[in-house]
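Please keep the sequence and the 3D view open while you read this note. Go through it point by point, and find each residue as it is named.

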Amino acid sequence: MWTLRQAAIALGFIGAGAIGGAPPATAHHSFALFDMTKSVMLEGTVKRFEWTNPHSWIYLNVTGPQNVSDEWTIELPAAGALAREGWNATYLKAGDRIVVRINPLKDGKKGGSLESFTPGSPRSR
């Protein structure tokens, strides 16, 4: 039989082990939605830029081959990760021309995960 003190100590060790063995919070994201074997280059005009957590977003109007504009939704890292790369909440504005390379969505919808970003025309930041 365990004493109350022994049981409390045992539970404390079990709890500490569970917390210590937990994966980091950044491991929550799955890239299962995206086809990581493919890259798509898009050039378009920023409709909206959302500086949010856990992911930021670019809504990009891309003109297709028949001069029809489609909206693409591009997932970016969290605002904190972007900030470490020099981005901020006003980094992109509606109307900015940009070029992005994305891993597209597997389901064929117009969206993806950002691989790289290039301003469409140089501008001071």
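The points below start with the overall fold and then turn to single residues.

1. Start with the status of the model: it is predicted. Keep that in mind for every value that follows.

2. Next, take the overall layout. The protein has two helices and five strands. Along the sequence, they come in the pattern α-β-β-β-α-β-β. The protein has 125 residues, and 27% of them count as buried. Take the contacts between residues at least 6 apart in sequence: 54% of these join residues at least 24 apart.

3. Now look at the barrel. In what order do its strands run? The order is 1-2-3-5-4, and the barrel is closed. Its five strands show mixed pairing. From one strand to the next, the twist averages 55°.

4. Trace the pairings one at a time. Strand 1 and strand 2 run antiparallel, joined by five bridges. Here E50 stands opposite W57 of strand 2. Strand 2 and strand 3 also run antiparallel, with seven bridges between them. In this pair, I58 faces I74 of strand 3. Then the direction changes: strand 3 and strand 5 run parallel, and three bridges join them. I74 appears again here, standing opposite G112 in strand 5.

5. Two spots in the backbone deserve a look. Most residues other than glycine have a negative phi, and most peptide bonds are trans. The bond from N53 to P54 is cis, with omega near 10°. P54 lies in the loop between strand 1 and strand 2. The second spot is N67, which is not a glycine, yet has a positive phi of about 60°.

6. Where does N67 lie? Find the loop between strand 2 and strand 3. These two strands form a hairpin with five residues between them. Is N67 buried or exposed? Its relative accessible area is 64%, so N67 counts as exposed, because the cut-off for exposed is over 50%.

7. Turn to the aromatic rings. A search of the whole structure finds five aromatic pairs. One of them joins W87 and F117: the ring centres are 5.1 Å apart and the planes meet at 55°, so this pair is tilted. W87 sits in the loop between helix 2 and strand 4, while F117 belongs to strand 5, so the pair ties together parts 30 residues apart in sequence. Both W87 and F117 are buried. They also belong to one aromatic cluster, together with F49, W51 and Y91.

8. One ring has a charge over it. The charged end of R48 sits over the ring of Y59. The distance to the ring centre is 3.9 Å.

9. Finish with D35. This residue is found in the loop between helix 1 and strand 1. Is D35 buried or exposed? Its relative accessibility is 16%, so D35 counts as buried, because buried means under 20%. What does the side chain of D35 make a polar contact with? Its partner is the side chain of T37, at 2.5 Å. Leave aside the neighbours within four places in sequence, and D35 is in contact with N103, P104 and K106.

Terms used. Residues numbered from 1 in each chain as written. Predicted model: local features only at pLDDT ≥ 70, side-chain atom pairs only at ≥ 80, totals over all residues. Heavy atoms only, no water. Helix = DSSP H or I, 4+ residues; strand = E, 2+ residues; numbered from the N terminus. Buried < 20%, exposed > 50% of the residue type's maximum accessible area, 1.4 Å probe, protein only. Polar contact = N/O pair within 3.5 Å; in protein donor to acceptor, adjacent residues only side chain to side chain. Contact = heavy atoms within 4.5 Å. Pairing = 2+ DSSP bridges. Axes fitted to C-alpha atoms, helices over the stretch in contact; angles between N-to-C directions. Phe/Tyr/Trp six-rings, centres within 6.5 Å; stacked < 30°, edge-to-face > 60°. Lys NZ or Arg CZ within 6 Å of the ring centre and 35° of its normal.
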